[in-house]
Amino acid sequence: MSGLLELRLSDNSLPSLPSSIGSLSCLRELHLRSNKLTSLPHSLGMMKELRQIDLRGNPLTELPSTIATLPRLEKLDLRWVTTLELPAWTKDLEARGCSVYI
C-alpha cells in the first residue's frame, strides 16, 4: 500500500488510527470524515505528499503539530469539529496558502 494516493475511511466509527499510517508516503488525500477520532498520530507529519485532510465531524480534542510541517498541504477541513481549540499553527498554514475550514 505504499503507493496509495487516496484513502477514504469516512463513516466507519474509527476510534483511532495506527501510527503506521505515516508510512503511506505517497498519499495525497486522507478522508476521515464522521468517525470517532479524538486525536491523530504524530506520524502524519511523515506524509510529505499529503495535500488534503478531511476531518469533518470527528470529536477531536487535539491535532498533532506535525500537520503544520506538511509541505504540500492545501486543505485541512475541520468543519463540524466542535470539541477542538484551533491550534495557533493553523494561521501559519493559511499564510502559506493552505485552506483551513472550520
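These legends describe close-up views of a predicted model.

**View 1. The whole chain holds one helix and five strands.**
Along the sequence, the elements follow the pattern β-β-β-β-α-β. The C-alpha trace spans about 35 × 30 × 15 Å along its principal axes. A compact globule of 102 residues would have a radius of gyration near 13 Å, and the 12 Å of this chain agrees with that. Of the 102 residues, 39% count as buried. The chain exposes about 5,500 Å². Carbon and sulfur atoms supply 50% of that area. Contacts were also sorted by separation in sequence. Among those between residues at least 6 apart, 27% join residues at least 24 apart.

**View 2. Five strands form an open sheet with parallel pairing.**
The strand order is β1-β2-β3-β4-β5. Strands β1 (6–8) and β5 (99–101) are the edges, and each pairs on one side only. From one strand to the next, the twist averages 5 degrees.

**View 3. Strands β2 and β3 pair in the parallel sense.**
Strand β2 covers residues 29–31, and strand β3 covers residues 52–54. Three bridges join this pair. Glu 29 stands opposite Gln 52 in β3.

**View 4. Trp 80 sits in the loop between β4 and α1.**
The flanking elements are β4 (75–77) and α1 (89–95). Is Trp 80 buried or exposed? Its relative accessibility is 54%, so Trp 80 counts as exposed; the cut-off for exposed is over 50%. The backbone at Trp 80 has a positive phi of about 65 degrees, although this residue is not a glycine. Leaving aside residues up to four places away in sequence, Trp 80 touches Arg 33, Arg 56, Gly 57 and Asn 58. Leu 55 is 25 residues from Trp 80 in sequence. In space, the two are 8.7 Å apart, C-alpha to C-alpha.

**View 5. Arg 56 lies in the loop between β3 and β4.**
Arg 56 has 14% relative accessibility, so it counts as buried; the cut-off for buried is under 20%. Which residues does Arg 56 touch, not counting those up to four places away in sequence? They are Leu 32, Arg 33, Ser 34, Asp 77, Arg 79, Trp 80 and Val 81. Arg 33 is 23 residues from Arg 56 in sequence. Their C-alpha atoms are 4.7 Å apart in space. Arg 33 is also one of the residues that Trp 80 touches.

**View 6. Gly 45 lies in the loop between β2 and β3.**
With a relative accessible area of 9%, Gly 45 is buried. Gly 45 touches Thr 66, Thr 69 and Leu 70, not counting residues up to four places away in sequence. Ser 65 is 20 residues from Gly 45 in sequence. Their C-alpha to C-alpha distance is 8.2 Å.

**View 7. Ser 13 has a positive phi without being a glycine.**
The phi of Ser 13 is about 55 degrees. This residue is found in the loop between β1 and β2. Ser 13 is partly exposed, with a relative accessible area of 44%. Trp 80, shown in View 4, likewise has a positive phi and is not a glycine.

**View 8. Cys 26 is partly exposed, whereas Cys 98 is buried.**
The relative accessible area is 32% for Cys 26. For Cys 98, the value is 3%. How many disulfides does a search of the whole structure find? The search finds zero. A disulfide is a covalent bond between the sulfur atoms of two cysteines.

Conventions
Residues are numbered from 1 along each chain as its sequence is written. This is a predicted model: local features need pLDDT of at least 70, side-chain atom pairs count only at pLDDT 80 or more; totals for chains, interfaces and linings use all residues. Side-chain values use heavy atoms; hydrogens and water are left out. Two strands pair if DSSP finds at least two bridges between them. Helices (H or I, at least four residues) and strands (E, at least two) are DSSP runs, numbered from the N terminus. Axes are lines fitted to C-alpha atoms, for helices over the stretch in contact, and angles run from 0 to 180 degrees between N-to-C directions. The radius of gyration is taken over C-alpha atoms; the globule rule is 2.2 Å times the number of residues to the power 0.38. Buried means under 20% relative accessible area, exposed over 50%, partly exposed in between (1.4 Å probe, protein chains only). Contact means heavy atoms within 4.5 Å. Accessible areas come from the Shrake-Rupley method with a 1.4 Å probe; for residues, only the protein chains shown count as cover. A disulfide is a pair of cysteine sulfur atoms within 2.5 Å.
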